[in-house]
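Before reading on, please have the sequence and the coordinates open side by side. The report below is meant to be followed residue by residue.

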Amino acid sequence: MIKQVQLTKLDVNDWQELQKVSIETYKDTFDPFNPPDIMDAYLTEAYEPKKLQRELANPNSSFYFVKVDQETAGYLKVNINDAQTEKMGTDNLEVERIYIRPAFKHQGLGTRLIQEAEKLTRENHKAKIWLGVWEHNEPAKHFYPKFGFKRIGQHSFFMGDDEQTDYLMQKVL
């Protein structure tokens, strides 16, 4: 059976579906590695409705749902200019989030989203694309190098008081 895959750009009215998918995919990825109290506190803060609405309204950030047969399978968030989570310069586009719901993993959707991010990098006249990968996220650490991303550094990421390390990876287009 052929499945229809489409990308749709979100606007501020999509915050509820974004919140639902964000919490589901974040828990799927990181729940096994973090205590429940820290995870719950992080999810409450990170995906709070007003925060999501501000992110969706930011002209330097863009969100896209990837849908399979009209069902939301995951999403992409990219940032340019001052919306980037690290000061990487105006010639960079950041992939802040790529998340795929568990039922849709291993169907090429992550590839589709990274290709979209590269397209957006070119459309925004940026020379480089970068992202952060949690040091213990083995699938992601193996996925991005396949597309030419190379580790260029690291930074700290906090879940509550727990300091964790993200590897910074970049690709020059």
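What follows treats two helices, the nonpolar cores, the aromatic groups and two backbone angles in turn. The model is a predicted one.

**Helices α2 and α3**

In helix α2, the residues Ile38, Met39, Tyr42, Leu43 and Ala46 are buried. Viewed down the axis of α2, these buried residues fall within an arc of 125°, so they line one face of the helix. On the other side of α2, by contrast, Pro36, Asp37, Thr44 and Glu45 are exposed. The partners against which the buried residues of α2 pack are α1, α3, β6 (150–159) and β7 (162–172).

Helix α3, which spans residues 49–57, has Leu52, Glu55 and Leu56 as buried residues. Because they cover an arc of only 100° around the axis, these residues lie on the same side of α3, while Lys50, Arg54 and Ala57 are exposed on the other side. The buried residues of α3 pack against α1 (15–30) and α2 (36–46), and also against the strands β2 (61–68), β3 (71–80) and β4 (92–100). At the N-terminal end of α3, Glu48 acts as a cap, with a side-chain oxygen 3.2 Å from the backbone nitrogen of Lys50.

**Nonpolar cores**

In soluble globular proteins, nonpolar side chains tend to be buried together. Here the largest nonpolar core has 25 residues, and those with the most contacts inside it are Leu76, Val95, Ile114, Leu131, Tyr144 and Phe149. At least two residues of this core come from each of β2, β3, β4, α4 and β5 (128–134), and α4 gives the most, with 5 residues. If neighbours within four places in sequence are left aside, Ile114 is in contact with Val95, Ile98, Leu131, Phe143, Tyr144, Phe147 and Phe149. A second core, separate from this one, has 20 residues and includes Ile38, Met39, Leu56 and Phe63. Of these, Ile38 and Met39 are among the buried residues of α2, and Leu56 is one of those of α3.

**Aromatic groups**

How many aromatic pairs does a search of the whole structure find? The search finds 12. In one of these pairs, the rings of Tyr26 and Phe30 have their centres 4.5 Å apart and their planes at 45°, so the pair is tilted. Tyr26 and Phe30 are 4 residues apart in helix α1 and are therefore separated by about one helical turn. Tyr26 counts as buried at 4% relative accessibility, and Phe30 is likewise buried, with a relative accessible area of 9%. Both belong to one aromatic cluster, which is formed by Tyr26, Phe30, Phe33, Tyr42, Tyr47, Phe63, Tyr75, Tyr99, Trp134 and Phe157. Elsewhere, the charged end of Arg151 sits over the ring of Tyr167, 3.6 Å from its centre.

**Residues with positive phi**

Most residues other than glycine have a negative phi. The table lists two residues with a positive value.

| Residue | Phi | Loop | Relative accessibility |
|---|---|---|---|
| Asn81 | about 50° | between β3 and β4 | 30%, partly exposed |
| His106 | near 65° | between β4 and α4 (109–123) | 83%, exposed |

Asn81 and His106 thus each have a positive phi although neither is a glycine. Asn81 counts as partly exposed because its relative accessibility is 30%, whereas His106, at 83%, counts as exposed.

Terms used: Residues numbered from 1 in each chain as written. Predicted model: local features only at pLDDT ≥ 70, side-chain atom pairs only at ≥ 80, totals over all residues. Heavy atoms only, no water. Buried < 20%, exposed > 50% of the residue type's maximum accessible area, 1.4 Å probe, protein only. Arc of directions from axis to C-beta. Contact = heavy atoms within 4.5 Å. Polar contact = N/O pair within 3.5 Å; in protein donor to acceptor, adjacent residues only side chain to side chain. Phe/Tyr/Trp six-rings, centres within 6.5 Å; stacked < 30°, edge-to-face > 60°. Lys NZ or Arg CZ within 6 Å of the ring centre and 35° of its normal. Core = buried A, V, L, I, M, F, W, Y, C linked by side-chain atoms within 4.5 Å.
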